[in-house]
Amino acid sequence: MAGVKLSKRAWLTGAFASSLVAGAGRAALAQEKKPLKVGTLKISALTNVWAAQQAGIFARNGLDVELVQFRSGNEAIAAQRGGHVDIVLSIPGTAMVANERGFDLVLIAQNETAHGAPPDAGAFIVLKDSGLDNVADLAGKKFALSNLHSQLHVAAQVVLKKHGVDPANATFLEVPFSSHPAALKSKQIDVAIALDPWTTQMRTADYAKVLSWYYVESLPLQPIGAWYARADFVKTDADAVTRFATSIRDSIVYMDADAARAKSNVAAYTGLDVALLKDMPLNRWSYEIDPAKWQGVADMMRGAGELQRPHQAAEYISDIVKPYVVK
């Protein structure tokens, strides 16, 4: 199944939809489940992986998956490097930089992209009474972001430059997303480079407003979540990796099939208040890979000096994901 390229529409109709529930091929796979340790984070973007376990999608694809929770993507990659987990999720820009520096991460599935238009998960948030009304007002201001030198950091710099603000004159501080609301309200920072659910939490409150949707403004539909395995693991257990890629596709189709169910799953997995989810845009889960968007990320990372040399999108498109490349 992983070698067949199918649109989401095809998967939601006829025999393909029913194959998510039953099918002789899935039953055969399930008879010999392969163990797999998958690193995950307690964020809405990874609800589909939790749902894949809860709905039996992994099992139907012949996998016995253990989800191992980490506090950050960098922590997960370090654990994978030490052999403690087999597969981890990373924002692609981070993985690109890691590979240029000698890591051997292989893309095995795309999980999420930014939206093509607002609202999105990521935004510049400022206080309503700050006197800051547009991005051009942010010169010399203090920004909070989760990780320096990340794709998020680079996207933010691209947005600032588009509005004539030199990022070199700004102060960027590493602050956990969960601490952004308190840091903003106490005026320890001027701008929160936020991510959902904290984006929605702040923008729907009475004290904050959005100045930019930084992922959308820097590169609409850019990939912001993808699954990676070590090259040696892909070589020695390609079957398990392929089954995982198939499961990710199936989990995304499952999430996209019912928005109400998807929001219910997000609430169950993350512990978020269902009331907050009414205002929060669903993540744009997508297994379909657009090489042009991956090239755009590589070019942004190179332009910001995070990548030391030019790279082509084809370098990142492994054989595992080629069936999911859109043209």
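Colleague: Which elements each supply at least two residues of the lining of the largest pocket?

Modeller: H6, S3, H7, S4 and S10 each do so, and H6 gives the most, with four residues. Helices (H or I, at least four residues) and strands (E, at least two) are DSSP runs, numbered from the N terminus. This is a predicted model, where local features need pLDDT of at least 70 and side-chain atom pairs pLDDT 80 or more, while totals for chains, interfaces and linings use all residues. Residues are numbered from 1 along each chain as its sequence is written, and side-chain values use heavy atoms, leaving out hydrogens and water.

Colleague: What makes the buried residues of H6 line one face of the helix?

Modeller: The buried residues of H6 (residues 73-81) are Ala-76, Ile-77, Ala-79 and Gln-80. Seen down the axis of H6, they fall within an arc of 160°, so they line one face. That arc is taken from the directions from the helix axis to the C-beta atoms. These buried residues pack against S3 (87-90), H7 (92-100), S4 (105-113) and S10 (223-230).

Colleague: And just after H6, which residue takes a positive phi?

Modeller: Gly-83, at about 85°.

Colleague: Why is Thr-199 counted as buried?

Modeller: Buried means under 20% relative accessible area (exposed is over 50%, partly exposed in between; 1.4 Å probe, protein chains only). Thr-199 has 0% relative accessibility, so Thr-199 counts as buried. Thr-199 lies in helix H10 (residues 198-203).

Colleague: What does Thr-199 touch, not counting residues up to four places away in sequence?

Modeller: Asp-120, Ala-121, Gly-122, Ala-123, Ile-125, Ala-194 and Trp-213, where contact means heavy atoms within 4.5 Å.
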